[in-house]
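I sat down with this one to see how the strands go together and what lies between them. Here are my notes, in the order I looked things up.

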Amino acid sequence: MNNIINFRKTVSPLTADSDTKTAYLDGAITEIILHFPPGCNALVGVKVFLNTRQILPQEGVIALDNATQSFKLFVPCKKGDIIRVDWENHDDTYSHTVSVIVNVEGHYEKS
């Protein structure tokens, strides 16, 4: 089974923001897809955490322009773990919207 978790945030000029969602199954994060629309000009940085551990990238941020990039990984996770995406907009003029998709593959725990 898959748990596809979508994040999308419009970040105002010279601000940072974050969003958290919960993993709904035990398994592993196997892919993270980032979409940077045209005009981001590598001014918007994104990083993804599982609970308190930064998993993409391992340090720093990813900042692109006019690109959709898929990152394959294998990060074990449990139902109830918190997935957090942080956005940093270093553009002093424009807001930008960057989308992040986190794919969790695994199985649901039987109750």
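**Strands, sheets and core**

I began with the N-terminal strand of this predicted model: β1 is joined to strand β8 (residues 96-107) by ten bridges, and the two run antiparallel. To fix the register I picked Ile4, and its bridge partner in β8 is Asn103.

Next I followed the side chains along β1, which covers residues 2-11. In a regular strand, side chains alternate between the two faces of the sheet. Here Asn3, Ile5, Phe7, Lys9 and Val11 point to one face and are buried. Asn2, Ile4, Asn6, Arg8 and Thr10 point to the other face and are not buried. I made a note of Asn3 and Lys9, as both are on the buried list.

Then I asked what else pairs with β8. Strand β3 does, through nine antiparallel bridges, and Ile33 has Ile101 as its bridge partner in β8.

That led me to the whole sheet: it is open, has four strands in the order β1-β8-β3-β6, and pairs antiparallel. β1 and β6 each have a single partner strand, so one side of each is left without a neighbour in the sheet. From one strand to the next, the twist averages 15°.

I went on to the other four-stranded open sheet, which has the order β2-β7-β4-β5, again with antiparallel pairing. Its edge strands are β2 (16-22) and β5, each pairing on one side only. Ignoring direction, neighbouring strands of this sheet are turned by 30° against each other on average. Inside it, seven bridges join β4 to β7, and Val44 has Asn89 as its bridge partner in β7.

Which residues have the most contacts inside the largest nonpolar core? I found Ile29, Ile32, Ile83, Val100 and Val102, in a core of 27 residues. β1, β3 (26-36), β4 (44-50), β5 (53-56), β6 (67-77), β7 (82-89) and β8 each supply at least two of its residues.

I took Val100 for a closer look. Leaving aside neighbours within four places in sequence, I listed among its contacts Ile5 and Phe7, along with Ile32, Val46, Val48, Val85 and Trp87. Ile5 and Phe7 were already in my notes as buried residues of β1.

Last, I checked the rings. My search of the whole structure for aromatic pairs gave zero. Charges over rings did turn up: Lys21 lies over the face of Phe7, at 5.1 Å from the ring centre, and Arg84 lies over the face of Phe49, at 3.9 Å from the ring centre.

Conventions. Residues are numbered from 1 along each chain as its sequence is written. This is a predicted model: local features need pLDDT of at least 70, side-chain atom pairs count only at pLDDT 80 or more; totals for chains, interfaces and linings use all residues. Side-chain values use heavy atoms; hydrogens and water are left out. Buried means under 20% relative accessible area, exposed over 50%, partly exposed in between (1.4 Å probe, protein chains only). Two strands pair if DSSP finds at least two bridges between them. A nonpolar core is a set of buried Ala, Val, Leu, Ile, Met, Phe, Trp, Tyr and Cys residues joined through side-chain atoms within 4.5 Å. Contact means heavy atoms within 4.5 Å. Axes are lines fitted to C-alpha atoms, for helices over the stretch in contact, and angles run from 0 to 180 degrees between N-to-C directions. Rings of Phe, Tyr and Trp (its six-membered ring) pair if their centres lie within 6.5 Å; planes under 30 degrees apart count as stacked, over 60 as edge-to-face and the rest as tilted. A charge sits over a ring if NZ of Lys or CZ of Arg is within 6 Å of the ring centre and within 35 degrees of the ring normal.
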